[in-house]
Amino acid sequence: MADQPNTILQVENLHTHFFTESGVIRALRGVDFSVERGKVLGIVGESGCGKSVTAQCIMNMLPGSGRVVDGKITYNQRNGSQTEKVDITGLPPRGKAMRAIRGNEIAMIFQEPMTSLDPVYTVGSQLMEAITLHQNVTKQQGKEVAVDALAKVNLPEPVRIFDAYPHQLSGGQRQRVMIAIALSCNPTLLIADEPTTALDVTTQAQILDLMRALQEETQMSIIFITHDLGVVAEMCDDVAVMYLGKVVEQTTVDAAFHDPQHPYTRALLRSIPRMTETNQRRLDVIKGRVPDPSVVPSGCAFHPRCPEVVPGLCDVHTPEVISLDGGQKVRCLLYDDKLMAQSTTRTALAESR
């Protein structure tokens with residue numbers, strides 16, 4: 001898919017490990033997905049499934065103990081009318097080539113706006129850092145670009161905000177500043193890591209409306225990381241569902257909500273409260289919790305929690321990616337006809353005895 005002109009980013013078989021004193025943590029165990037130009041891809045899953053680590057790998061800014069041990073991230077960089085393939089995993093994190101991409105062509109809105117801004121520098125100085133690093137502008141021109149970026153995200157009195165410190169702003173204003181920093185260099189790909197965390201619902205709606213409007217205006221691609229499936233339905237074109245370091249289903253938003261194929265995707269959807277329900281039943285929950293990535297269950301990693309588990313199959317065999325007729329890509333043994341037939345045969349023989 002990386003050869004297709006409409007694909008801006010291709011992640012292939014990505015394995016990322018963290019080497020700690022207590023052992024190796026296998027955070028990503030073969031992540032595969034693609035992002036199309038001008039589209040919004042939502043990445044969903046419970047905490048601990050590897051969503052933020054995937055974003056850090058794309059930005060080539062893993063913490064010191066983290067290493068990409070296998071796989072490839074290909075960024076299709078446009079150079080005029082030509083497209084040049086850039087292997088992000090092969091670039092030195094602090095090298096000139098990666099620094100020219102990070103924050104300029106690929107930007108990121110970090111998860112927590114309250115702590116992502118440096119408290120000892122003004123908003124303007126933090127905006128100017130990104131602008132002057134990637135654009136050939138004078139200090140005065142950089143300030144004009146920064147103030148314009150603050151105005152684009154609908155911050156009142158952008159000149160005053162430019163000179164303010166983060167603690168003088170509300171949570172919603174800080175989040176808008178983070179968006180302004182990310183968009184100040186007009187990136188072609190934006191990674192938004194739970195950009196509405198810790199915001200009230202009214203501010204969340206405003207931030208989402210703002211991001212949607214900016215995306216439609218600039219036609220940039222977005223990777224939207226979230227726990228909120230309602231946000232996915234509102235913001236995204238495609239969805240990648242992650243579980244314990246793997247993408248278990250990638251499909252369109254419509255298919256994900258109306259025809260989900262993986263048992264984990266179906267379980268996530270069942271846990272959403274519905275306004276149309278009048279009875280007082282308890283919400284469905286997914287039993288158990290996401291396993292420790294240093295101790296991955298055998299077979300399918302989801303099988304200890306799966307309501308559709310097939311004993312002797314799901315706890316033994318590791319599922320591969322299967323492409324379905326509807327266009328979905330799913331990592332589930334229920335769609336492996338050969339293994340399912342073998343399991344059915346074994347069950348019938350056991351029952352006949």
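## A hairpin and its two sheets

Strands β9 and β10 make a hairpin, with two residues between them, and Leu 244 in that turn has a positive phi of about 45°. This is a predicted model, so treat what follows as a guided walk through a prediction. We will start at the hairpin, step out to the sheet around it, visit a second sheet, and finish with a pair of helices and one cysteine.

**The hairpin strands**

- Look first at β9, which covers residues 238-243: five of its six residues are buried, leaving the strand mostly covered.
- How do β9 and β10 run relative to each other, parallel or antiparallel? They run antiparallel, and six bridges join β9 to β10, the strand of residues 246-252.
- To find one of these links in the structure, pick Ala 240, whose bridge partner in β10 is Gln 250.
- β9 also pairs with strand β3 (residues 40-44), in the parallel sense and over four bridges.
- Here you can look for Val 44, which has Val 241 in β9 as its bridge partner.
- As you trace any strand, remember a handy rule: in a regular strand, side chains alternate between the two faces of the sheet.

**The eight-stranded sheet**

- Where does the hairpin sit in the wider sheet? The order of this open sheet of eight strands is β6-β7-β8-β3-β9-β10-β12-β11, and its pairing is mixed.
- The edges belong to β6 (106-109) and β11; each has a single partner strand, so one side of each lacks a neighbour in the sheet.
- Helix α7 (residues 171-183) packs on this sheet and touches β6 and β7 (189-193), with its direction at about 175° to that of β6.
- On the other side of the hairpin pairing, β10 is joined by two bridges to strand β12 (residues 329-330), and these strands run antiparallel.
- Gln 250 turns up again here, with Lys 329 as its bridge partner in β12.

**The four-stranded sheet**

- A second open sheet has four strands in the order β2-β1-β4-β5, paired antiparallel.
- Which strands stand at its edges? They are β2 (23-36) and β5 (82-87), and because each has a single partner strand, one side of each is left without a neighbour in the sheet.
- From one strand to the next, the twist averages 15°.
- Six bridges link strand β4 (residues 66-79) with β5 in the antiparallel sense, and Asn 79 stands opposite Gln 82 in β5.
- Helix α1 (residues 51-58) packs on this sheet, touching β1 (7-20), β2 and β4, and its direction makes about 70° with that of β2.

**Two crossing helices**

- The axes of helix α4 (residues 123-134) and helix α5 (residues 139-152) come within 9 Å and cross at roughly 110°.
- That angle makes α4 roughly perpendicular to α5, because angles from 65 to 115 degrees count that way.
- The crossing of α4 and α5 is right-handed.
- Val 123, Leu 127, Met 128 and Ile 131 are the α4 residues that meet α5, where their counterparts are Lys 139, Gly 142, Lys 143, Val 145, Ala 146 and Leu 150.
- Sorted by class, this contact has seven nonpolar, one polar and two charged residues.

**One cysteine to find**

- Cys 306 lies in the loop between α11 (263-270) and β11 (322-323).
- Is Cys 306 buried or exposed? Cys 306 counts as buried because its relative accessibility is 9%, and buried means under 20%.
- Lys 246 is 60 residues from Cys 306 along the chain, and their C-alpha atoms are separated by 16 Å.

How values were computed. Residues are numbered from 1 along each chain as its sequence is written. This is a predicted model: local features need pLDDT of at least 70, side-chain atom pairs count only at pLDDT 80 or more; totals for chains, interfaces and linings use all residues. Side-chain values use heavy atoms; hydrogens and water are left out. Buried means under 20% relative accessible area, exposed over 50%, partly exposed in between (1.4 Å probe, protein chains only). Axes are lines fitted to C-alpha atoms, for helices over the stretch in contact, and angles run from 0 to 180 degrees between N-to-C directions. Angles under 35 degrees count as roughly parallel, over 145 as roughly antiparallel, 65 to 115 as roughly perpendicular and the rest as oblique. A crossing is left-handed if the near helix is turned anticlockwise from the far one by less than a right angle, and right-handed if clockwise. Contact means heavy atoms within 4.5 Å. Ala, Val, Leu, Ile, Met, Phe, Trp, Tyr, Cys and Pro count as nonpolar, Asp, Glu, Lys and Arg as charged, and the others, Gly among them, as polar. Two strands pair if DSSP finds at least two bridges between them.
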